[in-house]
Each structure stands twice: as structure tokens, then as C-alpha cells.
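I wanted to look up how the helices and the aromatic rings are arranged here, and I kept these notes as I went.

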Amino acid sequence: MTQGVEIIFEKFPSLTQPQKKQFEMLDALYRDWNAKINVISRKDIDNLYSHHVLHSLGIARVITFRPGTEIMDVGTGGGFPGIPLAILFPECKFHLVDSIGKKIRVATAVAEAIGLKNVTAVHRNVAEERRKFHFVVSRAVMGMPELVRLVTKNIRPQQQNSLPNGVLALKGGDIQEELRPFKHCSDTWELSNFFPDAFFETKKVAYVAVH
């Protein structure tokens, strides 16, 4: 078993064998790609599962996407949080967007290598994306006011999940100021409540309902 993947199996005990295999494959794939195109800091590649995969799955601690949900990952980089979430929710569709072409190359190659059929990835600035989704996810891409402004056009009106459609962003540090404009339609969850590792002490999921 690939070192480090156990933390994913421990936190998500109901994974199927195919899902476990897909998570296991990420280590070698990201190491190989990272040597060619730097999508994860070189010194952090050994923490792939705890700092990147598990962090991405923090979103799954606040919402279980229902089958048929469509999600756009803005500024996906090498595929975070989109690829780990796509493994966890095989009956949902994930659209990965990044304005840097070589990063989308990595995300596309990884998704193909592990056999993800529910992922599309495009080299595009989100301002130019016209498709509509139930949710937008992102990881430390930009401030919440700017992100919400850019993606409001992409959020569908039809609801089908426990949370109203909107934006779910992985954040660190103090984000009160970022969320001030949304005080009546936002929420925050501390990831340290779900994952006791020191890395998650200041990490959180911020949510803003759109429409």
C-alpha cells in the first residue's frame, strides 16, 4: 500500500475497492508529474495525502453531494480539490478549470490515469466559463468576494442538495473580513473539528449561498 494513503482510508472507511485503488494511485502519478511540472511544492509532495488529498476532502465533511450534482472546481491547479472529490462522489460530475494550461495538463492526465469518468478539465479563465453548476469549489484561489462575483453566473437555480447551491472554498486563517459581505448567506466549518492533525488548525471550509 502506498505510504500515506491510510489516512484517507481511516477517515473515509466506507470507500469501495475501486475508490481505494484510485486514491492509492495518486502518489506515484503526482510524484511523476511534479518532477516535470511543479503543481505541488517539492518539499510538500511527501505530504500529498494529508495536505492535499485529505484537505480537499474536507468539503465532504460539510456536504454529501447527491448523485447528479454538477460541481466546478475553479483554479484547480493539479486537480485539487476536484480530483479527490470526484473519486469520493463518482455519481457527480466535476468540471476542473484553470487559467494555466500546464496545470490542466496534469489534472487531465491524472484523472485519465486513474479512470475517472466523471471529470472534465479545461484551460480557461473562469470569467469565460458559461456553463452552469450546482456548486463551485476552490482551494485558496482568491478572496471570497471576487470568487462569488466571478461565478454567480455559473450557479444553477435548481436545488438538489442539503445546502442551497453556492460556493464552497477551502480557506486558511482569519476570513471574517472576506465573509462580511455575505453575513446572511454564509457559513464556516473548522476542519480541525474533523481532522485533528496540526496542519488543519487554521484550515476551514467557507460557504456562501448564491441566489
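Entry 1, helix packing. Before reading any angle I noted that axes are lines fitted to C-alpha atoms, for helices over the stretch in contact, and that angles run from 0 to 180 degrees between N-to-C directions. I also kept in mind that this is a predicted model.

I looked up α2 and α3 to begin with, and found that helix α2, residues 17-36, packs against α3 at an angle of about 130 degrees, with the axes 11 Å apart. Angles over 145 degrees count as roughly antiparallel and 65 to 115 as roughly perpendicular, so the pairing of α2 with α3 is oblique. The crossing of α2 past α3 is right-handed. For the residues involved, I listed Phe23, Glu24, Met25, Leu26, Asp27 and Tyr30 on the α2 side, which meet Leu48, Tyr49, Val53 and Leu57 on the α3 side.

I then turned to α2 and helix α5, residues 101-113, whose axes come within 10 Å and cross at roughly 150 degrees. That angle makes α2 roughly antiparallel to α5, and this crossing is right-handed. From α2 the contact uses Met25, Leu26, Leu29, Tyr30 and Trp33, while α5 contributes Arg105, Val106, Ala109, Val110 and Ala113. Going back to my α3 list, I noted that Met25, Leu26 and Tyr30 of α2 appear in the contacts with α3 and also in those with α5.

Entry 2, aromatic rings. How many aromatic pairs does a search of the whole structure find? The search returns seven. One of them joins Phe65 and Phe89, with 5.3 Å from centre to centre and 75 degrees between the planes, which is an edge-to-face arrangement. This pair links distant parts of the chain, as Phe65 sits in the loop between α3 (48-57) and β1 (70-74) and Phe89 in the loop between α4 (82-88) and β2 (93-98), 24 residues apart. Phe65 counts as buried because its relative accessibility is 3%, and Phe89 likewise counts as buried, at 9%.

Another edge-to-face pair is that of Phe199 and Phe200, with 5.0 Å between centres and 85 degrees between planes. Phe200 has a relative accessible area of 1% and is therefore buried. I also recorded that ring pairs link Phe65, Phe89, Phe94 and Phe135 into a cluster.

Entry 3, charges over rings. I found Lys36 over the face of Trp33, at 4.3 Å from the ring centre. I found Arg61 over the face of Phe12, at 4.3 Å from the ring centre.

Entry 4, two single residues. Is Ser50, which I located in helix α3, buried or exposed? At 15% relative accessibility, Ser50 counts as buried. Leaving aside neighbours within four places in sequence, Ser50 is in contact with Ile7, His55, Phe199 and Phe200, and I noted that Phe199 and Phe200 are themselves an edge-to-face pair.

The second residue was Gly75, in the loop between β1 and α4, which counts as partly exposed because its relative accessibility is 25%. With neighbours within four places in sequence again set aside, Gly75 is in contact with Phe80, Val97, Asp98 and Val141. I also looked up His123, which is 48 residues from Gly75 in sequence and 9.8 Å away in space, C-alpha to C-alpha.

Key. Residues numbered from 1 in each chain as written. Predicted model: local features only at pLDDT ≥ 70, side-chain atom pairs only at ≥ 80, totals over all residues. Heavy atoms only, no water. Phe/Tyr/Trp six-rings, centres within 6.5 Å; stacked < 30°, edge-to-face > 60°. Helix = DSSP H or I, 4+ residues; strand = E, 2+ residues; numbered from the N terminus. Buried < 20%, exposed > 50% of the residue type's maximum accessible area, 1.4 Å probe, protein only. Lys NZ or Arg CZ within 6 Å of the ring centre and 35° of its normal. Parallel < 35°, antiparallel > 145°, perpendicular 65-115°, else oblique. Left-handed = near helix turned anticlockwise from the far one by under 90°. Contact = heavy atoms within 4.5 Å.
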